[in-house]
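Morning, everyone. I have one structure to walk through today, so let me put it on the screen.

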Amino acid sequence: MSSPDRLPATVPAPMPPLKVPPSENTYDRVLQPLSPQVNQLVHLLEEILIPRQRLRELAGYPSGFRVDLRRLMQCEADPRHFRTLWHRKTLPERRDASFSLLVDLSGSMRGHKVQAALVGTVLLCETLNRLGVSFAVNGFQNRLIPFCGFGEGLTAEVRDRLPGMVLETAGSRPGGNNA
């Protein structure tokens with residue numbers, strides 16, 4: 001008889017960690033090695049898009065923290081300037097930006113060139129999406145080939161459409177400009 005304090009002679013081996021199978025999605029395969037670069041580009045563009053300056057003073061308000069002496073003297077001559085005598089401190093605002101990317105999808109881009117264009121497109125789209133910046137992605141051959149419109153964002157449909165750039169250069173994209 002075994003005592004309750006003793007462990008059984010056979011202890012089950014720990015389960016090996018689960019391995020996530022590689023993604024079948026081309027977009028995810030392109031994005032995976034780019035993650036550190038996306039994070040770095042987000043940080044760099046954030047510094048550009050969000051000004052880090054101190055409070056600014058703007059004139060022309062009916063109330064504020066300091067009188068604009070030049071306007072005060074104008075008000076002495078013309079009382080209509082009475083509502084524009086004061087300065088106010090204002091916070092700097094985020095710059096309003098949008099990006100449009102136009103990718104050459106002609107036959108000369110076949111092979112490694114269009115692969116590099118796809119990697120660059122994914123890098124830019126992921127970065128702008130994280131920053132909340134509006135963007136559009138279009139390709140061109142003898143006509144414009146839309147992949148993502150302004151305000152559409154990086155939806156699952158857009159992520160599925162972007163790898164179609166590679167097929168477009170080979171002339172095998174379903175519904176593409178295969179002329």
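I'll go from the overall layout to one helix pair, and then to a few single residues.

A word on the source: this is a predicted model. Keep that in mind throughout.

Layout to begin with. The chain has six helices and six strands. What order do they come in along the sequence? The pattern reads α-α-β-β-α-β-β-α-β-β-α-α. So much for the order; now the contacts. Take the contacts between residues at least 6 apart in sequence: 63% of them join residues at least 24 apart. On burial, the chain counts 179 residues, and 27% of them are buried.

Now the helix pair. A reminder of the convention: two packed helices are described by the angle between their axes and the distance between the axes. Our pair is α2, residues 35-49, and α4, residues 112-131. The angle is about 50°, and the axes are 9 Å apart. Are they parallel, perpendicular or oblique to each other? An angle under 35 degrees would count as roughly parallel, and roughly perpendicular covers 65 to 115. The α2 and α4 helices are therefore oblique. As for handedness, the crossing of α2 past α4 is right-handed.

Who makes the contact? From α2, we have Q37, V38, N39, L41, V42, L45, E46 and L49. From α4, the list is L123, E126, T127, L128, R130 and L131. By character, the contact splits into eight nonpolar, three polar and three charged residues.

Let me zoom in on one of those residues. T127 sits in helix α4. Buried or exposed? T127 has 0% relative accessibility, so T127 counts as buried. Setting aside residues up to four places away in sequence, T127 touches V38, L41, V42 and L45. Those four are also on the α2 side of the helix contact. One distance to go with that: T127 and H43 are 84 residues apart in sequence, yet their C-alpha atoms are 9.2 Å apart in space.

Next, the cysteines. A disulfide is a covalent bond between the sulfur atoms of two cysteines. How many disulfides does the structure hold? Zero. Look at C125, which is in no disulfide. The nearest cysteine sulfur belongs to C148, and that sulfur is 6.1 Å away. The cut-off for a disulfide is 2.5 Å. C125 is buried, at a relative accessible area of 1%.

Another cysteine is C75, in helix α3. Its relative accessible area is 13%, and the limit for buried is under 20%, so C75 is buried. Beyond its neighbours within four places in sequence, C75 contacts H81, F82 and L85. Between C75 and L85, the separation is 10 residues in sequence and 8.0 Å in space, C-alpha to C-alpha.

That brings us to F82, one of the contacts of C75. Where does F82 lie? In the loop between α3 (69-77) and β3 (86-90). F82 counts as exposed, because its relative accessibility is 53%. F82 and R71 are 11 residues apart in sequence, with 8.3 Å between their C-alpha atoms. So the buried C75 touches a loop residue, F82, that counts as exposed.

That's my tour. Over to you for discussion.

How values were computed: Residues numbered from 1 in each chain as written. Predicted model: local features only at pLDDT ≥ 70, side-chain atom pairs only at ≥ 80, totals over all residues. Heavy atoms only, no water. Axes fitted to C-alpha atoms, helices over the stretch in contact; angles between N-to-C directions. Helix = DSSP H or I, 4+ residues; strand = E, 2+ residues; numbered from the N terminus. Parallel < 35°, antiparallel > 145°, perpendicular 65-115°, else oblique. Left-handed = near helix turned anticlockwise from the far one by under 90°. Contact = heavy atoms within 4.5 Å. Nonpolar A, V, L, I, M, F, W, Y, C, P; charged D, E, K, R; others polar. Buried < 20%, exposed > 50% of the residue type's maximum accessible area, 1.4 Å probe, protein only.
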